[in-house]
Each structure stands twice: as structure tokens, then as C-alpha cells.
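Please find below a colleague's note on the structure under review. The points are numbered for ease of reply.

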Amino acid sequence: MSDSPLNVIDVLLVEDDPGDALMTQEAFEHHKIRNVLHVVKDGVEALEFLRREGQYENAPRPGLILLDLNLPRKDGREVLSEVKNDPELRHIPVVVLTTSEAEEDILRSYSLYANAYVTKPVDFDRFIEVVRQIDDFFVTVVKLPR
């Protein structure tokens with residue numbers, strides 16, 4: 001996390017859908033979001049990134065995690081549980097960003113200590129706006145730990 005007055009943070013996007021990952025990257029670029037977006041495609045990679053293992057040994061510690069629920073190898077619910085049960089990682093805010101509107105997914109995510117649950121809009125312009133609002137809230141409004 002940077003000490004600059006611009007509050008630039010690293011954001012980890014855990015997303016297996018290349019189209020959704022691209023839309024998120026475009027949302028960052030479209031709104032000139034200064035934060036650095038890192039993308040991993042499954043839950044195993046997410047935990048390796050967060051724990052700085054293997055190819056991610058020099059990975060930065062993200063200030064925010066955007067987590068899809070339906071992931072290969074290790075799903076988002078498992079990732080969320082492991083992050084929030086790890087004393088080194090639990091302070092990182094996790095926003096579940098998923099297509100699921102199922103009440104059980106919403107309840108389970110919050111019971112696993114998700115900081116927010118956001119349903120991905122299918123409309124591109126709305127999706128970009130949602131990503132901008134998440135970034136604005138968690139980086140500008142909310143005070144994050146260093």
C-alpha cells in the first residue's frame with residue numbers, strides 16, 4: 001500500500017471469466033482509476049497471490065479483493081473463508097462481485113465475513129459504474145488499514 005496522498009492501492013480481482021475480467025480492467029481504465037489491478041483466474045491462484053507463494057512470491061499485499069464466487073479449483077466461498085480465518089489476511093476487505101442473486105449465497109458470504117456483496121450487472125455501462133462505485137467507496141470513503 002502506498003503512502004502517497006493519492007491513496008493508490010493494489011486490488012486483487014479473482015475472476016475466471018475473461019470477459020468479466022476485461023470489463024473490470026476497462027472500468028479501471030475508463031474512470032482513470034489509479035489503483036493497480038491484479039487478476040487471477042481461480043481460488044488456488046488467489047490464495048497463492050495472497051500468501052506470496054510460487055510465482056507470486058513478490059506479489060504486493062492488496063488493499064482490496066474483488067472475489068467471484070463461482071471459480072474453478074477452489075470456489076470463492078472457500079477463498080473467502082480461508083482469507084477471513086487467516087490472521088495475516090483477514091483485515092483485507094473482500095467484496096464479493098458475482099452473478100449470483102441467490103439469497104443463500106448472499107447470507108453465506110456475509111456469514112463468512114464478506115465486507116460487501118455486489119451482483120454483477122449484465123449491462124456494460126452499469127457494470128463500469130458499479131466498479132467505479134466500489135473503488136470510490138473502498139478507496140476514497142472508507143479508511144483502510146496500512
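The points below go from the overall fold to three individual residues.

1. Nature of the model. The structure is a predicted model, and the points that follow should be read with that in mind.

2. Overall fold. The protein contains 5 helices and 5 strands. Along the sequence these elements follow the order β-α-β-α-β-α-β-α-β-α.

3. Packing and surface. Of the 146 residues in the protein, 49% are buried. Among contacts with a sequence separation of 6 or more, 64% join residues 24 or more positions apart. The accessible surface amounts to about 7,700 Å², and carbon and sulfur atoms contribute 50% of this area.

4. The annotated position. The unreviewed UniProt entry carries the annotation "modified residue: 4-aspartylphosphate", and this annotation covers D68. In the model, D68 lies in the loop between strand 3 (64-67) and helix 3 (76-84).

5. Surroundings of D68. Is D68 buried or exposed? Its relative accessible area is 5%, which is under the 20% cut-off, so D68 counts as buried. When residues up to four places away in sequence are set aside, D68 touches V14, E15, D16, G76, L97, T98 and K120. The annotation itself comes from the record, whereas the burial of D68 is computed from the model.

6. L80 in helix 3. L80 is located in helix 3, the helix that follows the loop holding D68. With a relative accessibility of 0%, L80 is buried. Beyond its neighbours within four places in sequence, L80 contacts L67, V94, V96, S109, L112, Y113 and A114. One of these partners, S109, is 29 residues away from L80 along the chain, yet the two C-alpha atoms are separated by 7.7 Å.

7. F127 in helix 5. F127 belongs to helix 5, which spans residues 124-141. Its relative accessibility is 1%, under the 20% limit, and F127 is therefore classed as buried. Which residues does F127 contact, leaving aside its neighbours within four places in sequence? They are D20, M23, T24, K120 and P121. M23 is 104 residues from F127 in sequence, while the C-alpha to C-alpha distance is 7.6 Å.

8. A contact partner in two lists. K120 is in contact with F127, and K120 also touches D68. The annotated loop residue D68 and the helix 5 residue F127 thus each have K120 among their contacts.

9. Summary of the three residues. D68 is buried at 5% relative accessible area, L80 at 0% and F127 at 1%.

Definitions and conventions. Residues numbered from 1 in each chain as written. Predicted model: local features only at pLDDT ≥ 70, side-chain atom pairs only at ≥ 80, totals over all residues. Heavy atoms only, no water. UniProt positions renumbered as here; feature names shortened; annotations may be inferred. Helix = DSSP H or I, 4+ residues; strand = E, 2+ residues; numbered from the N terminus. Buried < 20%, exposed > 50% of the residue type's maximum accessible area, 1.4 Å probe, protein only. Contact = heavy atoms within 4.5 Å. Areas by Shrake-Rupley, 256 points an atom, 1.4 Å probe, with all protein chains shown as cover.
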